[in-house]
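Trainee: I would like to take a close look at one part of this model and then see how the rest of the assembly is arranged around it. Could you take me through it with some care?

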Amino acid sequence: MDDSQFTDRQTIHVRVNGQDYENEVEVRRLLADFLRHDLGLTATHLGCEHGVCGACTIMMDGESIRSCLLFAVQADGAEILTVEGLAKGDEMHPLQQAFWDKHALQCGFCTSGFLMSAYDLLQKNPHPTQDEIRHGLSGNLCRCTGYANIIKAVQAVAEQSQS
Amino acid sequence: MKPAPFTYARPDSVAEALALLQAGGDEAKVLAGGQSFVPLLNLRMASVDAVVDLNRLAELAYIKRDNDTLCIGAMMRHRQIEVSDDVKAAQPLLARAAAEVGHLAIRNRGTIGGSLVHADPAAEWPLVAVMLDAQLVVRSHENTRTVAAREFFLGPLTTAIEPNEILCEVRFPLAPVGAVWGFQELCRRPGDFAIVAVTCQLSLDHSGTCSAAALAVGGAHATPLHIPDVETVISGSKGEDAVIAAAAEKAAAAVDPSGDVHGSADYRRRMVKVLTARALKEAWAKAA
């Protein structure tokens, strides 16, 4: 397809959690909706749909992004990691285990976004201070926990990797 | 909510993008990082017929020096500028300002060019561009022109850019030898837009006397506001308390803030005074 012409549908190729997909999408399709509705990967949640709540945070080509602020066509050729891709089989990712251990979730709606933001934070800064964790997660809203246990969970993972 | 239907093109060169923009007419819009534009589309506060996506334009993604100028391609992401060693060496204020833009996931995607053209009066890039007297290189399909940042911002979300133009490069003067800077931002939570922000750059001689100064205020006026009156007050001084207090009064007198849910007009004016004093003290402290 010639990318230099205006179109209203395009075929895209993406790799999500190690699996390749080829789909035709309407160009206005948000990446978050593509993941949820077209690929059935419903662990990525949509709260505000305008970049404020952070629930839809995913990793694309190694960087955390808001999947509600990107069109699926823009992800053509990209490598994506969603929260479904964190665990190895039945073994939870250390962040997931820490969220479990520290009771860092209640209703769970925001959790996938927090996990992906924390994933990027620890990738960029493996040993953050508590203040750096708070800053790193400041783009994610949680209405249940009061954040304290989320911070503790991320701290626990940072300390594990230190020892 | 979801965006209303539109058509989309992803050009491989700036020339192609400019031709598409020209062909698309008034209802074609440029998509950069999308961190302000896509929310407007999602909320249907804006709708467009056609979107020209600049995200694959490698020719707009660079940081380079051109003699005494630091040139930043318009598609550089906030995060890339925040962590760039070239930026930290040439004009460290820019790395500091970049770190204040939104949250990590926003900074990973949002661009300096997009922020400047969006022209939120409380945003960091418009503020530092005005303070440092940056030059903005703007292209249309038939013309290239350079607009001073101090003339680029016409009002909230309004700039001197034409519908068929693309901001391609931002040109910042390098920090002069002996220059120090201050950057102060008041917001309720990290990553929020500033309620008020103040930034300054001072050239100090070996005795700490100010020979040249620039100061600008964001969030307290229809546009980021460069305030020459402040510079007159502090030039020739060593940052004595009385001078800084007088400069802060000048800054507060120069702005014409409007009130909103984040702060009344009166509160913003008071904060301009407080943050101006803090920014100047921060700058002088860096020389000590």
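Trainee: How are α5(B) and α8(B) oriented to each other, roughly parallel or roughly antiparallel?

Mentor: Please keep in mind throughout that this is a predicted model. Helix α5 (residues 92–99) of chain B and helix α8 (residues 124–131) of chain B pack at an angle of about 160 degrees, and their axes are 9 Å apart. Since angles over 145 degrees count as roughly antiparallel, α5(B) and α8(B) are therefore roughly antiparallel to each other. The crossing of these two helices, α5(B) and α8(B), is right-handed. On the α5(B) side the contact is made by B:Leu93, B:Leu94 and B:Ala97, which meet B:Glu124, B:Trp125 and B:Val128 in α8(B). Sorted by class, the residues of the contact of α5(B) with α8(B) are five nonpolar and one charged, with no polar residue.

Following the chain out of this helix pair, one comes to B:Asp133, which is placed in the loop between α8 and β6 of chain B. Although B:Asp133 is not a glycine, it has a positive phi of about 60 degrees. B:Asp133 is partly exposed, as there are 16 other C-beta atoms within 10 Å. The loop between β6 (135–139) and β7 (144–148) of chain B holds B:His141, which is likewise a residue to look at for its surroundings. With 17 other C-beta atoms within 10 Å, B:His141 is partly exposed, and, leaving aside residues up to four places away in sequence, B:His141 touches B:Leu18, B:Ala19, B:Gln22 and B:Asn164. The C-alpha atoms of B:His141 and B:Ala4 are separated by 28 Å, and these two residues are 137 residues apart along the chain.

The interior can be taken next. In soluble globular proteins, nonpolar side chains tend to be buried together. In this model the largest nonpolar core has 148 residues, and those with the most contacts inside it are B:Val52, B:Val196, B:Cys200, B:Leu215, B:Val217, B:Ala251 and B:Val272. Helix α12 (residues 265–287) of chain B gives the most to this core, with eight residues. For a view of one residue of this core, B:Ala251 touches B:Leu215, B:Val217, B:Ile227, B:Val230, B:Val272, B:Lys273 and B:Thr276, again not counting residues up to four places away in sequence.

Chain A offers another helix pair to set beside the one you asked about. Helix α2 (residues 94–101) of chain A and α3(A) pack at an angle of about 130 degrees, with their axes 10 Å apart. That angle makes α2(A) oblique to α3(A), and the crossing of α2(A) and α3(A) is right-handed. A:Leu95, A:Gln96 and A:Phe99 of α2(A) make this contact with A:Thr111, A:Leu115, A:Ala118 and A:Tyr119 of α3(A). The contact of α2(A) with α3(A) has five nonpolar, two polar and no charged residues.

Elsewhere in chain A, helix α1 (residues 31–38) has as its buried residues A:Leu31, A:Ala32, A:Asp33, A:Phe34 and A:Leu35, and what covers them includes β2 (19–26) of chain A. After α1(A) comes A:Gly40, whose phi is positive, near 75 degrees. In strand β1 (residues 9–16) of chain A lies A:Val16, which counts as buried, with 21 C-beta neighbours inside 10 Å. Not counting residues up to four places away in sequence, A:Val16 touches A:Tyr21, A:Leu39, A:Leu41, A:Ile80 and A:Thr82. From A:Val16 to A:Met60 the C-alpha to C-alpha distance is 9.1 Å, although the two are 44 residues apart in sequence. A:Asp61 is placed in the loop between β3 (57–60) and β4 of chain A, and it has a positive phi of about 50 degrees although it is not a glycine. A:Asp61 is exposed, with 12 other C-beta atoms within 10 Å.

Finally, there is the interface between the chains, where 30 residues of chain A are in contact with 31 residues of chain B. The elements that give two or more residues to the side of chain A that touches chain B are β4 (63–66), α3 (111–124) and α4 (130–136) of chain A. β4(A) gives the most to that side, with four residues. By class, the residues of the side of chain A that touches chain B are nine nonpolar, 14 polar and seven charged.

Terms used:
Residues numbered from 1 in each chain as written. Chains lettered and ligands numbered in written order. Predicted model: local features only at pLDDT ≥ 70, side-chain atom pairs only at ≥ 80, totals over all residues. Contact = placed C-beta atoms within 7 Å. Nonpolar A, V, L, I, M, F, W, Y, C, P; charged D, E, K, R; others polar. Core = buried A, V, L, I, M, F, W, Y, C linked by C-beta atoms within 7 Å. Buried ≥ 20, exposed ≤ 12 C-beta atoms within 10 Å, placed from the backbone. Axes fitted to C-alpha atoms, helices over the stretch in contact; angles between N-to-C directions. Parallel < 35°, antiparallel > 145°, perpendicular 65-115°, else oblique. Left-handed = near helix turned anticlockwise from the far one by under 90°.
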